[in-house]
Amino acid sequence: MMRYEGNQQLADETACARVRADLKMCLLQSDCCKKEHKLPRECLARTDGSVPTECHALRNTFFECKRSMLDNRQRFRGRKGY
């Protein structure tokens, strides 16, 4: 998993951008995208093992981060994710 820490800057500074970037890189480095030349969106729907479980975990983290942006209770607790 790629972590953007320290002096590394992303072009996208919006909420959940780091989780999105990690998910994108995880999917692009998977066998599904590299060997089978499928789109990352198609690879996320697959459960045949060509996509690592880490990518599915990042997808869930990204979902939780986006959902926490809409949840008013999270204003006090902070966004989930990194």
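**Exercises on the Disulfides of a Predicted Model**

Both Cys 16 and Cys 65 are buried in this predicted model. The exercises below concern the cysteines.

**Exercise 1.** Determine how Cys 16 and Cys 65 are related.

*Solution.* The sulfur atoms of Cys 16 and Cys 65 lie 1.9 Å apart, and the two residues form a disulfide. The angle about their S-S bond is -95°, and the link is left-handed. Distant parts of the chain are thereby linked: Cys 16 belongs to the segment before α1 (17-28), Cys 65 to helix α4 (residues 53-70), with their positions 49 residues apart.

**Exercise 2.** Establish the handedness of the link between Cys 26 and Cys 55, and decide whether Cys 26 is buried or exposed.

*Solution.* First, Cys 26 and Cys 55 form a disulfide with sulfur atoms 1.9 Å apart. Next, because the torsion about the S-S bond is about -95°, this disulfide is left-handed. The pair joins helix α1, which holds Cys 26, to helix α4, which holds Cys 55, 29 residues apart. Finally, buried means under 20% relative accessible area. Cys 26, at 10% relative accessibility, therefore counts as buried; Cys 55, at 0%, counts as buried too.

**Exercise 3.** Which cysteine is the disulfide partner of Cys 32, and in what pattern are the bonded cysteines joined?

*Solution.* Cys 32 is joined to Cys 43, with an S to S distance of 2.1 Å. The torsion about this S-S bond is about -90°, so the disulfide is left-handed. The structure holds three disulfides. Counting bonded cysteines along the chain gives the pattern 1-6, 2-5, 3-4. Cys 33 is in no disulfide; its nearest cysteine sulfur, that of Cys 43, is 3.6 Å away.

Technical notes. Residues are numbered from 1 along each chain as its sequence is written. This is a predicted model: local features need pLDDT of at least 70, side-chain atom pairs count only at pLDDT 80 or more; totals for chains, interfaces and linings use all residues. Side-chain values use heavy atoms; hydrogens and water are left out. A disulfide is a pair of cysteine sulfur atoms within 2.5 Å. Helices (H or I, at least four residues) and strands (E, at least two) are DSSP runs, numbered from the N terminus. Buried means under 20% relative accessible area, exposed over 50%, partly exposed in between (1.4 Å probe, protein chains only).
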